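Q: Hi! I have a protein structure open and I'd love some help finding my way around. Can we go through it together?

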Amino acid sequence: MGLRSPDGIVLAAEKRTVSKLLAPSKTSEKTATLDDHLVCLLAGLTSDASILIQELRLSCQRYLYQYQQPMPIEQAVKAVCNYKQSYTQFGGLRPFGVAFLFAGWDETHGFQLYQSDPSGNYSGWKATVIGQNNQAGKSILKTDYKEEEEMSITTNLKLAVKILLKTMDSATPSPDRIELSAMRKTDNGVEHYLVPEEEIDELIKELKAEEEAEAKKAEASSADA
């Protein structure tokens with residue numbers, strides 16, 4: 001999922017652990033860096049995503065070489081979506097089975113969040129969820145995500161963990177199943193950083209404590225009634 005705020009963008013994903021016998025991945029399976037100012041989350045076939053990620057990285061570097069400035073976010077998204085859409089037009093080809101969330105910053109429009117599906121369509125969002133259980137996540141966003149100006153990276157991190165806890169398949173969610181990162185603007189440019197597992201664990205404990213407090217409050221009010 002992606003959540004936008006005036007000070008940055010929060011990205012969150014559920015890590016899939018298929019077997020304990022598998023060697024740990026050396027790179028993230030859900031998050032990919034496309035350029036210094038652009039990252040993406042993916043849901044679907046990672047092998048298909050690799051082709052598109054390399055294509056977009058090449059487009060960004062060609063633009064940088066030609067114009068001596070980073071590629072605008074929407075132009076980069078449009079370039080890879082045109083490539084995806086071309087694979088839907090001919091027999092003998094199949095669409096790329098992957099959906100993306102693109103998060104980036106440029107000087108013209110600031111922080112931007114785009115969603116793209118296998119057909120090549122894309123749209124801009126303040127906050128959205130893709131992948132399995134996305135409808136449940138979006139229903140929580142509709143109630144808990146306030147106006148963009150009222151949100152911040154801190155509040156969005158907490159909201160992202162809350163949504164993952166309610167939509168994950170695991171009955172006992174743990175920090176090692178959650179991949180949380182954020183993009184923010186610094187004096188040195190755009191920074192994309194991963195949130196450590198210790199902070200994720202603190203957010204989980206805080207949310208569970210709030211749920212217990214709300215449950216006790218509801219019980220007390222029902223007893224009074």
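Q: Which helix do Asp201 and Lys205 lie in, and how many residues apart are they?
A: Both lie in helix α5, 4 residues apart, which is about one turn of the helix. Just so you know, this is a predicted model.

Q: What do their side chains do?
A: The side chains of Asp201 and Lys205 meet in a salt bridge, at 3.5 Å from N to O. As background, an α-helix has 3.6 residues a turn, so residues three or four places apart point the same way.

Q: Is Lys205 buried or exposed? And what about Asp201?
A: Lys205 is exposed, with a relative accessible area of 55%. Asp201 is partly exposed, at 27%. Elsewhere, Lys158, Glu206 and Glu210 are joined into one network by salt bridges that share partners.

Q: How many salt bridges are there in the whole structure?
A: A search of the whole structure finds 8. One of them pairs Asp48 with Arg94, whose closest N and O atoms are 2.7 Å apart.

Q: Where do Asp48 and Arg94 sit?
A: Asp48 is in helix α1 (residues 46-67), while Arg94 is in the loop between α2 (73-86) and β5 (98-106). The pair therefore ties together parts that are 46 residues apart in sequence.

Q: Asp48 has a charge, right? Buried or exposed?
A: Asp48 is buried, with a relative accessible area of 8%. The cut-off for buried is under 20%, so Asp48 at 8% falls below it.

Q: Which residue does Lys162 form a salt bridge with?
A: Lys162 pairs with Asp144, and their closest N and O atoms are 2.5 Å apart. Lys162 lies in helix α4 and Asp144 in helix α3, so this pair ties together parts 18 residues apart in sequence. Both are partly exposed: Lys162 has a relative accessible area of 25%, and Asp144 has 21%.

Q: Let's stay with α4. How many residues does it have, and how far does it reach?
A: Helix α4 has 15 residues and reaches 21 Å from its first C-alpha to its last. That is close to the 21 Å expected at 1.5 Å a residue.

Q: Which residues of α4 are buried?
A: Among them are Ile153, Leu157, Leu159, Ala160, Val161, Ile163, Leu164 and Leu165. Asn156 and Thr167 are buried too.

Q: On to the inside, then. What can you tell me about the largest nonpolar core?
A: The largest nonpolar core has 27 residues. Those with the most contacts inside it are Met1, Leu3, Val10, Leu141, Ile178 and Leu180. At least two residues each come from β2 (8-14), α3 (134-144), α4 (153-167), β9 (178-186) and α5 (197-224). Helix α4 gives the most, with 8 residues.

Q: What does Leu141 touch?
A: Leaving out residues up to four places away in sequence, Leu141 touches Leu3, Ala127, Thr128, Val129, Leu159 and Ile163. Apart from this core lies another, of 22 residues, among them Ala49, Tyr63, Ile73 and Phe102.

Q: Last topic, backbone angles! What is odd about Gln68?
A: Gln68 has a positive phi of about 60° although it is not a glycine. Its place is in the loop between α1 and α2, and Gln68 is exposed, with a relative accessible area of 63%.

Q: And where is Asn133 found?
A: Asn133 is in the loop between β8 (127-128) and α3. Asn133 also has a positive phi of about 60° without being a glycine, and counts as partly exposed at 34% relative accessibility.

Methods:
Residues are numbered from 1 along each chain as its sequence is written. This is a predicted model: local features need pLDDT of at least 70, side-chain atom pairs count only at pLDDT 80 or more; totals for chains, interfaces and linings use all residues. Side-chain values use heavy atoms; hydrogens and water are left out. A nonpolar core is a set of buried Ala, Val, Leu, Ile, Met, Phe, Trp, Tyr and Cys residues joined through side-chain atoms within 4.5 Å. Buried means under 20% relative accessible area, exposed over 50%, partly exposed in between (1.4 Å probe, protein chains only). Contact means heavy atoms within 4.5 Å. The expected span of a helix is 1.5 Å times one less than its number of residues. A salt bridge is a side-chain nitrogen of Lys or Arg within 4 Å of a carboxyl oxygen of Asp or Glu.
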